[in-house]
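Subject: Structure for your review

Dear colleague,

Please find below the structure that I am handing over to you. My findings follow it, arranged by topic.

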Amino acid sequence: ESAINDALSMMENYADLCEEMLAIPVVRGEKSPSERFAGAEATYTIEALMQNGWALQSGTSHFLGQSFGKAFEVTFQDKSGKQQDVW
């Protein structure tokens, strides 16, 4: 849950940068499964609308779950000394 909140927080940071500092309005959202970053459980995005009505992907953040850690055998030792998969 904390990792999902971090990914959503980054999406908001990107949106704030675009809107507050660059004066570019953006639409916040989540990519469909076919548009997600490979291996991600969720991909969050901000998109700016161009004059022709097309959306321009302007920033993404990803919730990777445990898939990347497992693929590269990344673990940590918990307080009891047991190896755990990273999030």
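Strand 1 (26-30), strand 2 (42-49) and strand 3 (55-63) are among the elements that cover the buried residues of helix 1. Please note that the model is a predicted one.

Helix 1

The buried residues of helix 1 are four in name: Ala7, Met11, Ala15 and Cys18. Viewed down the helix axis, these buried residues fall within an arc of 75 degrees, so they line one face of helix 1. On the face turned away from that buried side, helix 1 carries the exposed residues Ser2, Glu20 and Met21.

The length of the helix can also be checked. Helix 1 runs over residues 2-21, and its 20 residues, at 1.5 Å a residue, should span 28 Å. The C-alpha atoms at its ends are 27 Å apart, which agrees with that expectation.

The end of helix 1 and the nonpolar patch

Ala23, which follows helix 1, has a positive phi, near 60 degrees. Ile24 is located in the loop between helix 1 and strand 1. With a relative accessibility of 34%, Ile24 counts as partly exposed. Together with Leu17, Met21 and Leu22, Ile24 makes a nonpolar surface patch of about 400 Å². Met21 thus appears twice in this account, as a member of the patch and as one of the exposed residues on the face of helix 1 turned away from its buried side.

Salt bridges

Side chains of opposite charge can pair when their charged atoms come close. In the whole structure, a search finds three salt bridges.

Arg28 and Glu12 meet through their side chains in a salt bridge, at 3.0 Å from N to O. This pair links distant parts of the chain, since Arg28 belongs to strand 1 and Glu12 to helix 1, 16 residues apart. A salt bridge is also formed between the side chains of Arg28 and Glu19, at 3.1 Å from N to O. The accessibilities of these residues are as follows: Arg28 is partly exposed, with a relative accessible area of 33%; Glu12 is partly exposed at 32%; and Glu19 is partly exposed at 26%.

Lys31 and Glu47 form a salt bridge through their side chains, at 2.8 Å from N to O. Lys31 lies in the loop between strand 1 and strand 2, while Glu47 lies in strand 2, so this pair ties together parts that are 16 residues apart in sequence. Are these two partners, Lys31 and Glu47, buried or exposed? Both Lys31 and Glu47 are buried. As for the residues described before them, Glu12, Glu19 and Arg28 are joined into one network by salt bridges that share partners.

The surroundings of Gly65

Gly65 is placed in the loop between strand 3 and helix 2 (67-71). Its relative accessible area is 7%, and with the limit for a buried residue set at under 20%, Gly65 is therefore buried. Which residues is Gly65 in contact with, leaving aside its neighbours within four places in sequence? The contacts of Gly65 are Glu41, Val86 and Trp87. In addition, Gly65 and Ala42 are 8.5 Å apart in space, C-alpha to C-alpha, while 23 residues apart in sequence.

Yours sincerely

Notes: Residues numbered from 1 in each chain as written. Predicted model: local features only at pLDDT ≥ 70, side-chain atom pairs only at ≥ 80, totals over all residues. Heavy atoms only, no water. Helix = DSSP H or I, 4+ residues; strand = E, 2+ residues; numbered from the N terminus. Expected span 1.5 Å × (residues − 1). Buried < 20%, exposed > 50% of the residue type's maximum accessible area, 1.4 Å probe, protein only. Arc of directions from axis to C-beta. Contact = heavy atoms within 4.5 Å. Patch = residues over 30% accessible without salt bridge, like charges linked within 9 Å, V, L, I, M, F, W, Y side chains within 5 Å. Areas by Shrake-Rupley, 256 points an atom, 1.4 Å probe, with all protein chains shown as cover. Salt bridge = Lys/Arg side-chain N within 4 Å of Asp/Glu carboxyl O.
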